[in-house]
Structure formats: C-alpha cells, structure tokens
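Me: I have a model open and want the reasoning behind its labels. Take me through it, one call at a time.

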Amino acid sequence: MTAPLMSLTWTDHVTGRQGFLVVDRLVRGVASGGLRMRPGCTPAEVAGLARGMTMKEALHYDPDGRYVPLGGAKGGIDCDPRDPAAYGLLVRYLTAMRPYIESCWTTGEDLGLSQDLIDRAAGEVGLVSTVQAVYPLLDDETAARRRLADAFAVEVDGIGLDELAGGRGVTESVLAALDRAGVPYAGTRVALQGLGTMGGATARFLGRAGLKVVAVADVKGTVANPDGLDVEALLAARDAYGTVDRAVLRPGDRELPGDAWLSADAEVLVPAAVSYVIDAANQAGIRARWVVEAANMPVLADAEEQLAARGVTVLPDVVVNSATNAWWWWTLFGDIGADADEAFARIRRSMRALVDRTLARAEADGTTPRAAAHAIAADRLPVIAERFGWYG
C-alpha cells in the first residue's frame with residue numbers, strides 16, 4: 001500500500017500528551033474521517049483508520065449520486081476521555097488542527113468523543129463547523145447546512161438519528177449475511193461488546209428484527225442471559241459512555257467477566273467498542289458463525305486468518321460500520337432529506353447491496369470478505385481519481 005499523503009504528530013504544551021492527524025488521500029481537495037480519543041492511541045492506529053476511511057468512501061461511490069466521494073483521513077488523541085483534562089486537550093488539539101479542518105479535513109465523532117462535545121469545542125476554537133472543508137463542493141451551502149442540522153435534530157424513540165445511522169448499517173449487514181446463508185432472524189443469538197452509540201443502536205435494531213441479544217459487555221463486565229436481555233431497559237440505563245447501571249438487571253440476567261461476551265453461545269458476535277480486541281489467543285473461544293466488525297479494526301490479522309480456517313466469517317469494518325459516514329454525506333449533499341424513514345431506507349438498500357457484493361466477490365475470488373472489500377475499493381479508487389483528480 002502507498003504511504004499516506006500527510007501524517008502529523010502534535011504535542012500539547014500543557015499536558016505533554018500527543019494528538020495525530022493522518023490524511024490518507026484527498027478527493028477534490030477534501031478528506032473525511034472522525035476524531036477519536038483513547039489512552040494509548042498511536043500514529044499507526046490513526047494511519048490504519050485513515051486508510052480504512054479511504055476505502056469506505058470508495059465503497060459508497062455512486063457515479064450518479066449527488067454525494068461526491070471524499071478522500072480518507074483520521075484524527076486521534078492519546079488521552080482517556082474521562083480524564084478531567086480531556087476537554088481542554090480537545091480544544092487545544094482543534095486549535096492546532098484548525099487550518100486543516102478549515103481547508104481539507106472534515107471530521108466528527110468517533111471512539112471516546114460525542115458529536116456534541118466536538119461541536120462545543122469547535123465552537124470555542126472559532127470553527128464554523130467540523131465539516132466546513134466540504135462546503136465549497138456543495139451546490140447550495142445554506143440549504144445543505146440546514147438539511148444536516150434538521151437531520152441531527154431528528155429523534156427516533158428518544159435517540160438521535162445521527163446516533164442510529166451507524167447501528168442501522170451494522171444491523172443491515174448482519175441481516176444481509178443471514179439472508180445469504182438462509183438463516184432465519186427469529187432466535188438467532190447475538191453477543192455485543194459495547195453499548196455506546198454504535199453498539200446500542202445495533203442492539204436495538206437487531207432485537208427489533210427478531211434476533212435475541214444474549215450478552216452485552218461494557219467497562220464493568222459482561223451482562224448475559226441465554227433467554228435474551230431486555231435491550232430497551234439496558235439502553236435506558238446507560239451513562240454517557242455506554243456503561244449500564246446494574247440496578248436494572250432482571251433476576252435471570254448474569255454478571256460475568258469482561259471478556260465473557262467473546263465465548264457467548266451465539267451465532268453473531270459484534271465487537272462495537274475498541275480496536276484490537278480479538279487476537280490469536282482469544283479467538284479460540286469464539287463459537288459464533290459471524291464476527292461483524294461494528295468497531296474499527298477490532299480483529300487482528302492473525303486472528304482473522306485463524307477464524308477463517310475454522311469457518312468463521314468476519315464481516316469487515318470498512319463495510320459494516322460505513323453507514324454513519326455515508327449518512328452524513330447523503331444528507332449534506334441532498335441524496336436524502338432530514339427524515340428517519342428515508343435515511344433508514346437508503347441505509348438498508350446501500351448496505352445490503354454492499355454486503356452482498358462483498359460476499360459474492362469473496363466467494364468468487366476464494367478470499368475473505370475483507371480482502372474482497374479491499375479489492376472492490378481498489379477497483380474504484382482509480383475511477384474516482386480519473387474523474388476528480390488525486391488532490392484538487
């Protein structure tokens with residue numbers, strides 16, 4: 001693979017902590033990718049995420065759509081988001097990165113940071129928006145910004161549409177895989193790591209599709225019930241970081257160690273929290289038929305190779321969790337309006353087509369779904385470059 005276009009390391013003059021920005025590729029002068037905050041975040045991690053964003057953009061390229069594909073980028077800050085110093089660090093990071101956000105990097109929430117928090121910090125810095133670099137590409141900036149603001153104001157059963165889009169995409173990925181295998185939804189068991197923005201929405205939509213959520217892990221441990229958890233009660237009892245108040249657990253719910261979700265007796269495993277959680281050692285305990293990467297880079301390469309040898313299908317992050325990014329741009333560019341039903345219909349259509357295409361390519365090539373997704377992206381990137389150029 002080629003080296004990224006640009007890599008920056010920033011050191012905070014107050015705390016000494018570091019932040020990173022990697023721009024993997026520009027399309028029409030702009031790249032897209034969120035900003036994460038976690039202790040131990042590294043430049044290599046951010047570079048891998050930026051490359052993933054390049055592929056996500058390419059995978060959703062529609063030559064007839066208003067949404068123009070962007071390049072891939074990612075930001076990262078090495079800090080625990082619960083640290084009292086975290087918000088000040090975020091403000092100073094955005095101050096340092098302001099020239100890039102104004103000119104070429106569109107960003108938003110990711111692991112450890114909510115969109116509300118990023119928007120508040122961006123306001124303190126004096127940024128118009130964290131996606132303002134894309135405004136020159138819009139036909140009608142005023143209408144587009146109003147449309148996106150209206151979409152962010154939409155709630156479904158008490159949860160914002162922006163928080164639901166990604167989980168809806170993960171859900172459609174799972175359902176597409178089940179449909180392809182001829183497995184009925186009813187009774188299919190799911191275990192998830194993470195009940196934050198992505199994991200929570202995924203749990204809700206999978207449960208409403210008829211699947212049974214039997215285990216959920218958060219920072220306190222795993223909550224499990226072979227007869228199915230009360231997903232709505234757990235969602236209502238979350239704090240801002242996705243940690244569930246154990247007071248809402250029912251008599252049949254069990255509290256287990258944090259890694260117990262990995263070996264849950266379930267057909268579908270959804271890592272929806274942090275990166276690098278499934279390795280060559282702990283993959284041996286996985287009993288699921290599908291591992292669906294709602295988080296970014298949760299399965300290490302050697303673990304994926306061993307899982308594939310055991311007949312476990314890993315649906316890759318560049319496909320599975322790409323709906324949030326696509327939803328932003330479909331809305332801003334005007335492919336869809338500020339409406340939940342319209343958004344969910346577009347996510348369903350696009351994600352199912354993408355998963356089907358990926359699995360069909362994997363089958364035809366005799367490769368993993370990840371290799372197939374990378375191949376599809378590799379086919380599209382030269383087409384995008386030919387149409388829009390490599391930089392400007």
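Reply: Start with a helix contact. Leu161, Asp162, Ala165, Gly166 and Gly169 in H5 meet Ala323, Thr324 and Trp327 in H10. By class, that contact has four nonpolar residues, three polar and one charged. Keep in mind that this is a predicted model.

Me: What makes Gly166 and Gly169 of this contact polar?

Reply: The class list does. Gly is counted among the polar residues. Gly166 and Gly169 belong to the H5 side of the contact, so both go to the polar class.

Me: Why are H5 and H10 called oblique to each other?

Reply: Look at the angle. H5 and helix H10 (residues 323–333) pack at about 130°. Roughly perpendicular covers 65 to 115 degrees, and roughly antiparallel needs over 145, so an angle of about 130° counts as oblique. The axes of H5 and H10 are 7 Å apart. The crossing of H5 past H10 is right-handed.

Me: Why does the pair H4 and H10 get the label oblique?

Reply: The steps are alike. Helix H4 (residues 141–153) packs on H10 at about 135°, with the axes 7 Å apart. That angle is not over 145, so H4 and H10 are oblique. On the H4 side, the contact has Ala144, Arg145, Arg147, Leu148, Ala151 and Phe152. They meet Trp327, Trp328, Thr331, Leu332 and Phe333 in H10. The classes here are eight nonpolar, one polar and two charged.

Me: Which residues of the H4 contact with H10 are the charged ones?

Reply: Arg counts as charged. Arg145 and Arg147 are in the contact, on the H4 side. That fits the two charged residues in the tally.

Me: What about H10 and H11: why are they oblique?

Reply: H10 and helix H11 (residues 340–365) pack at about 125°, with their axes 11 Å apart. The perpendicular range ends at 115 and the antiparallel one begins over 145, so H10 and H11 are oblique. H10 passes H11 in a right-handed crossing. Ala323, Trp327 and Trp330 of H10 make the contact with Ala343, Arg346, Ile347, Ser350 and Met351 of H11. These residues divide into six nonpolar, one polar and one charged.

Me: Now the sheet. What makes E12 and E15 its edge strands?

Reply: Seven strands form an open sheet, in the order E12-E11-E10-E9-E13-E14-E15, with mixed pairing. Strand E12 (254–256) and strand E15 (313–315) each pair on one side only, and are the edges. From one strand to the next, the twist averages 20°.

Me: How do you know that E13 and E14 count as paired?

Reply: Pairing needs at least two bridges. Strand E13 (residues 268–271) and strand E14 (residues 290–292) have two bridges, in the parallel sense, so they count as paired. Val268 has Trp290 as its bridge partner in E14. Helix H5 (residues 161–181) packs on the sheet and touches E13, E14 and E15; its direction makes about 160° with that of E14.

Me: Which strands are joined to E5, and by how many bridges?

Reply: Strand E2 (residues 18–23) is joined to E5 by five bridges, running antiparallel. Leu21 stands opposite Gly75 in E5. Strand E3 (residues 31–32) has two bridges to E5, in parallel. Ser32 has Gly72 as its bridge partner there. Strand E4 (residues 35–38) is joined to E5 by four bridges, also in parallel. Leu35 has Gly75 as its bridge partner in E5.

Me: What makes strand E5 mostly covered?

Reply: The count of buried residues. In E5 (residues 71–78), seven of the eight residues are buried.

Me: Why is Thr243 called buried?

Reply: Buried means under 20% relative accessible area. Thr243 has 8%, so it counts as buried. Thr243 sits in the loop between helix H7 (231–236) and E12. Beyond residues up to four places away in sequence, it touches Arg82, Asp218, Val219, Lys220, Ala237 and Arg238.

Me: And why is Arg289 called partly exposed?

Reply: Arg289 has 43% relative accessibility. Buried needs under 20% and exposed over 50%, so Arg289 falls in between. Its place is the loop between E13 and E14. Outside four places in sequence, Arg289 contacts Ala181, Val183, Ala266, Glu267, Gly311, Val312 and Thr313.

Methods. Residues are numbered from 1 along each chain as its sequence is written. This is a predicted model: local features need pLDDT of at least 70, side-chain atom pairs count only at pLDDT 80 or more; totals for chains, interfaces and linings use all residues. Side-chain values use heavy atoms; hydrogens and water are left out. Axes are lines fitted to C-alpha atoms, for helices over the stretch in contact, and angles run from 0 to 180 degrees between N-to-C directions. Contact means heavy atoms within 4.5 Å. Buried means under 20% relative accessible area, exposed over 50%, partly exposed in between (1.4 Å probe, protein chains only). A crossing is left-handed if the near helix is turned anticlockwise from the far one by less than a right angle, and right-handed if clockwise. Angles under 35 degrees count as roughly parallel, over 145 as roughly antiparallel, 65 to 115 as roughly perpendicular and the rest as oblique.
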